[in-house]
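Work through the exercises below with the structure open beside you. Try each task before reading its solution.

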Amino acid sequence: MSLLSNTAVLLGKELRTEFRSRELLTTTVVFILVVLILFSFAISPTSEESREFGPGLLWLAILFAASLMLQPCFLREQSNDTLSSLRLAVSDPFSIFLAKLAANTLFLLVTEVLMLPLFAVFYNIPILPELHYLLLVLFLGSLGISIAGTALSAISAQARMRELLLPLLLLPLLTPVLVVSATVSVALLDRQPIVQWKGIAFLGVFDLVFLTALWLFSEYLLEE
Amino acid sequence: MSSLHPPPTGLRFENIDKRYGGLLALRRVSFEIAAGECAVLAGRNGSGKTTLLRIAGQIVRPTHGKLSFPGDGRRPQGHSRPGYVGHSTMVYDELTAEENLLLFAKLQKVESPAARAEGLLLEVGLYERRDSLVRTFSRGMRQRIAIARALIHRPSVLLLDEPATGLDPLGITWLANSLRELNRSGCTIVMSLHGESEISALATRAVRLDAGSVIADTKTGASLRDILMFGAA
Amino acid sequence: MTKRVILAAVAILLVIASAYASFYIAPTERTMGVIQRIFYFHVASAWAGFSAFLICFVGNLFYVWKRKQQYDWLGVSGAEVGLAFTTVVLITGPIWAHPVWGIWWTWDARLTSTFVLWLLYVSYLLLRTLVEEPDRRALLSSLFGIFAFIDVPLVFGAIRWWRTQHPQPVIMGGPGSGLDPTMKAVFFFSAFAMHVLMVSLIVERYALEKMQTEADFLAREVEVQ
């Protein structure tokens, strides 16, 4: 199918571009690291409190990092007007978004997986027991962040003060993801772990709703 | 260039308006470029040349009016879509010349994309630099990769927005020769230019815009020279 | 013009009437006392605000589809008026909470969700100030408005679920916490009054936006000459 093959080609482009410079990955990893450390200075949690607050702080750090990481998404396409050439070349503009959100989700996940061991060490929280569920939540949450973030970065790239604008648009919109992901993560990392399937299902619904909205409006988001 | 082109196609503007907020960038622009012509669009900065070319390239939609490609029964897509060379290269700096052309060839579902990319690189004289990042290219080379990208899908109409800007004399000669060959093989060319040059000498037609309206046309008797030099200080 | 004046007058009269009803007609609530009367404004404002956002959403959808600037005027009017009513909700909430619970704010599910709603539409208006070209501004804000509105049920749902994990005092008692018939009547009358006020405000804001756009257009025409 044309949509999938175009998406695959574009995804290849996104990944190749990023791995040449590695700017996004390195800055995102460093950012989350710094935020996690600063949080612990500000709060100095005891071991019990860490279990309760830690996951929430992790998700906050991920959200902040993502809202920075997502800015270049469409700005990059402005310097040489490549957005125009892409729009002309593809039959379905949704493929441009799909490729970008897949790349963004991947970058976020790579960052999170790199951060997890450090998070476990700093906050004294064993993550191995429920790791597979934790990864599931990270995946669904990061997917939601990417879908909404990719859509909104197409909008903010066309406005002034875009560096400040994207977080302002994105963070309120992602409140459901933050709240649910954090709650599910806390329950997973508790001394007696529980898997909250309702929360996980909710994240899936969020992802589906915004993916559908993005699909319906992708042409207009790229309009010149 | 030896690339085969589909049957000759013209370009027709019918009552094109383009409004940006309160500003009317183009007002009732109507004219037609015949298939196989090499046309020049002249006018001062801000006269609407770039806007009109972007509409012709289907990057921007007009507020009112109709764009069509007579001589081509199919709807504008695939081959009938013009090739567009703008102020920017419209390729990725962080990819190599070859990677860029491959990318666009694959996206546009060109047959044997790798062969096509290689062929184009040879034609524009960038084959030796095919593995260099576009970021490292000189202005002349950037122009060539931009043209190569525009030609990937073998368009029958090629649009160029001030293609001579920033080129040294050798670059201008190369451009003139390439455009001449393209035109000879049947490709309709529409380009915006400032003043006379080796490139404007190729023109068989010229139209001048001012404040979004057509004010002179060689078809209605104006001379090419006048159109190009009109109002030059 | 006169229709607008009549509408505004009717709206004001209805609001005054509902205020009177809230204070003098509705019986005093058993446990909370006089402060409970703020409920009539608080919840009525919430409903009116939400209706205004719904109007904004409809305007946004129609703008993306039809591209007529009138829909954009409807969108911004709905957003601003909705934001005004939502601000009233966020202020009356703590005013109620303080005498009853002794605290200004609990992260009560509905109030927290309303706060996020408020932030979303503040962002909508902020986005508008950062895009200069009118057609672009209308399109971008309509798209964001659509995303924001479909997010609203998700916000309310997520926060309510979150609250079931960590229960907190609920402002104004749980839903349907026993309203007697007179209270119900007063409440629905308040809600009606607020909705009429909301419509009047949107009409006025729309007229203002229309005038502003036309003035800008004329100014630019003069400049070009």
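Helices (H or I, at least four residues) and strands (E, at least two) are DSSP runs, numbered from the N terminus. This is a predicted model: local features need pLDDT of at least 70, side-chain atom pairs count only at pLDDT 80 or more, and totals for chains, interfaces and linings use all residues. Residues are numbered from 1 along each chain as its sequence is written, while chains are lettered from A and ligands numbered from 1 in the order in which they are written.

**Exercise 1.** Place C:Leu74 in its chain and state whether C:Leu74 is buried or exposed.

Solution.
- Start with the element: C:Leu74 belongs to helix 3 (residues 69-101) of chain C.
- Apply the cut-offs: a residue is buried if 20 or more other C-beta atoms lie within 10 Å of its own, exposed if 12 or fewer, and partly exposed in between; C-beta atoms are placed from the backbone.
- C:Leu74 has 22 other C-beta atoms within 10 Å, so C:Leu74 is buried.
- Next, find partners. Two residues are in contact if their C-beta atoms, placed from the backbone, lie within 7 Å.
- Leaving out residues up to four places away in sequence, C:Leu74 touches C:Ile55, C:Gly59 and C:Tyr206.
- C:Gly59 is 15 residues from C:Leu74 in sequence, yet the C-alpha atoms are 5.5 Å apart.

**Exercise 2.** Describe the surroundings of strand 7 of chain B.

Solution.
- Count first: 5 of the 5 residues of strand 7 (residues 188-192) of chain B are buried, so the strand is largely enclosed by the rest of the structure.
- Check each face. B:Thr188, B:Val190 and B:Ser192 are buried on one side, and B:Ile189 and B:Met191 on the other.
- Look for neighbours. Two strands pair if DSSP finds at least two bridges between them.
- Strand 3 (residues 38-42) of chain B pairs with strand 7 of chain B in the parallel sense over 4 bridges. Here B:Val40 stands opposite B:Met191.
- Strand 6 (residues 157-161) of chain B also pairs with strand 7 of chain B in the parallel sense, over 5 bridges. Here B:Val157 faces B:Thr188.

**Exercise 3.** Summarise the build of chain A.

Solution.
- Count the elements: chain A has 10 helices and 0 strands.
- Take the extent: the C-alpha trace spans about 55 × 30 × 30 Å along its principal axes.
- Finish with burial: 50% of the 224 residues of chain A count as buried.
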